Amino acid sequence: MTSAFVTRDGSKWMPQYLTAIDGTTCIGCGRCFKVCSREVMHLYGVDDAGEILGACDGEDDDDFDGELNRMIMVVDHAGRCVGCGACARVCPKNCQTHVAADKVAA
């Protein structure tokens with residue numbers, strides 16, 4: 001693997017950008033959100049049919065008119081990802097897809 005990226009000490013490094021989160025596997029625990037300093041992903045509500053209802057803003061009374069079944073993490077600002085991989089290291093379900101920087105279309 002060829003790398004045009006280097007760390008401060010000159011070691012080669014390849015960023016792995018978060019591109020997707022599998023909503024069928026994600027449990028909405030929020031661990032990835034907590035370690036991401038770039039706000040790449042956010043919690044979204046999901047109904048019984050698996051349809052995404054919208055972003056969860058943290059308000060206790062926001063249950064999407066009783067339709068909320070569960071919450072999942074959704075990548076809504078992929079361009080903010082710096083490829084550090086912190087989210088992948090804390091995900092208990094391994095439901096994220098990352099793509100190496102040299103494989104991402106410009």
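## A sheet, a core and a cavity

Strand 2 (residues 41-46) and strand 3 run antiparallel and are joined by three bridges. One of the residues to look for here is Y44, whose bridge partner in strand 3 is A55. Keep in mind as you look around that this is a predicted model.

Now zoom out to the sheet. It's an open one with three strands in the order 3-2-4, and the pairing is antiparallel. Strand 3 (52-55) and strand 4 (70-75) sit at the edges, each pairing on one side only. Going from one strand to the next, the twist averages 40 degrees. As for what holds such things together, strands of a sheet pair through backbone hydrogen bonds.

Here are the strands with their residue ranges:

| Strand | Residues |
|---|---|
| strand 1 | 16-21 |
| strand 2 | 41-46 |
| strand 3 | 52-55 |
| strand 4 | 70-75 |

Next, the core. The largest nonpolar core has 16 residues, and L18, I21, C26, V40, M41 and M73 have the most contacts inside it. Strand 1, strand 2 and strand 4 each give two or more residues to this core. Which strand gives the largest share of this core? That would be strand 4, with four residues.

Finally, there's some empty space to find. The structure holds one cavity of 30 Å³ or more, and the largest cavity has about 70 Å³ of space in it. Its lining includes I21, C26, I27, C29 and G30, along with R31, C32, C91, P92, K93, C95 and Q96. Sorted by class, that lining has eight nonpolar, two polar and two charged residues. I21 and C26 turn up both in this lining and among the core residues with the most contacts.

Technical notes. Residues numbered from 1 in each chain as written. Predicted model: local features only at pLDDT ≥ 70, side-chain atom pairs only at ≥ 80, totals over all residues. Heavy atoms only, no water. Pairing = 2+ DSSP bridges. Axes fitted to C-alpha atoms, helices over the stretch in contact; angles between N-to-C directions. 1 Å grid on protein atoms, 1.4 Å probe; cavity = no way out; pocket = protein on both sides within 12 Å on 5 of 7 lines; lining within 4 Å. Points joined across faces, edges and corners; volume = space filled by probe spheres on them. Nonpolar A, V, L, I, M, F, W, Y, C, P; charged D, E, K, R; others polar. Core = buried A, V, L, I, M, F, W, Y, C linked by side-chain atoms within 4.5 Å. Buried < 20%, exposed > 50% of the residue type's maximum accessible area, 1.4 Å probe, protein only.
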